[in-house]
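Here are a few worked exercises to try with the structure open beside you. Have a go at each task before reading its solution.

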Amino acid sequence: MQVREILRVKGATLYTATPQQSLASAIDTMAELDVGSLVVMAGGKMAGMLTFREVMQALKQHKASPEALSVGEVMVREPVTAFPEMEVNDLRYLMIEKHSRYLPVLDGDTLMGVISFLDVAKAVLEEQSFENKMLKSYIKNWPDEPQV
């Protein structure tokens, strides 16, 4: 299975923020949408990623209210990315190695969507469930051995 298949099933809805936006506003958006990340866009291009990890680190480090910080001050400027042809196992290893729960998917310079670790887990589970059903069906309909 490839990343493009996960995006096709998940959909390519993107939740975004701008670098100038207040961190408080971005937190409100993340809470309202029940998402753990926002793609930070500037000039029609991805400028970075904001995840709940950066939010927590910024609040602890700056000891400031989220109204006093901008998204641009706390976002990851060069996030780890995936590409549509990437195999899911390679994606899982990358996410684990880089400790990334959310990866933007780029096709060249075009942002295709964001894949979360939860999206990957769901896709793998669905694929395994389908394979199990097929195997059970095959075993159930196993041809009889020819009589000698």
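**Exercise 1.** Classify glutamate 97 by its accessibility, then find its salt-bridge partner and classify that residue too.

*Solution.* Please keep in mind that this is a predicted model.
- Step 1: The relative accessibility of glutamate 97 is 57%. Exposed means over 50%, so glutamate 97 counts as exposed.
- Step 2: The salt-bridge partner of glutamate 97 is lysine 98, with 3.8 Å between the closest N and O atoms. The cut-off is 4 Å, and this pair lies within it.
- Step 3: Lysine 98 has a relative accessibility of 42%, which means that it counts as partly exposed.

**Exercise 2.** Search the whole structure for salt bridges, and work out which parts of the chain arginine 4 and glutamate 85 tie together.

*Solution.*
- Step 1: The search gives three salt bridges.
- Step 2: One of them joins arginine 4 to glutamate 85, where the closest N and O atoms are 2.4 Å apart.
- Step 3: Arginine 4 belongs to helix 1 (residues 3-10), while glutamate 85 sits in the loop between helix 4 (71-74) and helix 5 (88-98), so this salt bridge ties together parts that are 81 residues apart in sequence.
- Step 4: Now check the surroundings of each partner. Arginine 4 is partly exposed at 37% relative accessible area, and glutamate 85 is partly exposed at 38%.

**Exercise 3.** Helix 1 also holds lysine 10; identify the salt bridge of this residue and decide whether each partner is buried, exposed or partly exposed.

*Solution.*
- Step 1: Lysine 10 forms a salt bridge with aspartate 119, and the closest N and O atoms are 3.0 Å apart.
- Step 2: Aspartate 119 is in helix 6 (residues 117-140) and lysine 10 in helix 1, so the pair links distant parts of the chain, 109 residues apart.
- Step 3: The relative accessible area of aspartate 119 is 12%. Buried means under 20%, so aspartate 119 is buried.
- Step 4: Lysine 10, at 38% relative accessibility, counts as partly exposed.

**Exercise 4.** Describe the open sheet: its strand order, its edges and the hairpin within it.

*Solution.*
- Step 1: The sheet has three strands in the order 1-2-3, and the pairing is mixed.
- Step 2: Strand 1 (16-17) and strand 3 (45-51) are the edge strands, since each pairs on one side only.
- Step 3: Strand 2 (residues 37-42) runs antiparallel to strand 3, and six bridges join them. Among the partners, valine 39 stands opposite methionine 49, and alanine 42 has lysine 45 as its bridge partner.
- Step 4: Strand 2 and strand 3 form a hairpin with two residues between them. In the turn, glycine 43 has a positive phi of about 60°.

**Exercise 5.** Find the aromatic pair, give its geometry and place both residues in the chain.

*Solution.*
- Step 1: A search of the whole structure yields one aromatic pair. Phenylalanine 52 and tyrosine 102 form this pair, with 6.1 Å from centre to centre and 90° between the planes.
- Step 2: Planes over 60 degrees apart count as edge-to-face, so this pair is edge-to-face.
- Step 3: Phenylalanine 52 is in helix 3 (residues 52-62) and tyrosine 102 in strand 4 (residues 102-107), 50 residues apart.
- Step 4: Phenylalanine 52 counts as partly exposed at 34% relative accessibility, whereas tyrosine 102 is buried at 19%.

Methods. Residues are numbered from 1 along each chain as its sequence is written. This is a predicted model: local features need pLDDT of at least 70, side-chain atom pairs count only at pLDDT 80 or more; totals for chains, interfaces and linings use all residues. Side-chain values use heavy atoms; hydrogens and water are left out. A salt bridge is a side-chain nitrogen of Lys or Arg within 4 Å of a carboxyl oxygen of Asp or Glu. Helices (H or I, at least four residues) and strands (E, at least two) are DSSP runs, numbered from the N terminus. Buried means under 20% relative accessible area, exposed over 50%, partly exposed in between (1.4 Å probe, protein chains only). Rings of Phe, Tyr and Trp (its six-membered ring) pair if their centres lie within 6.5 Å; planes under 30 degrees apart count as stacked, over 60 as edge-to-face and the rest as tilted.
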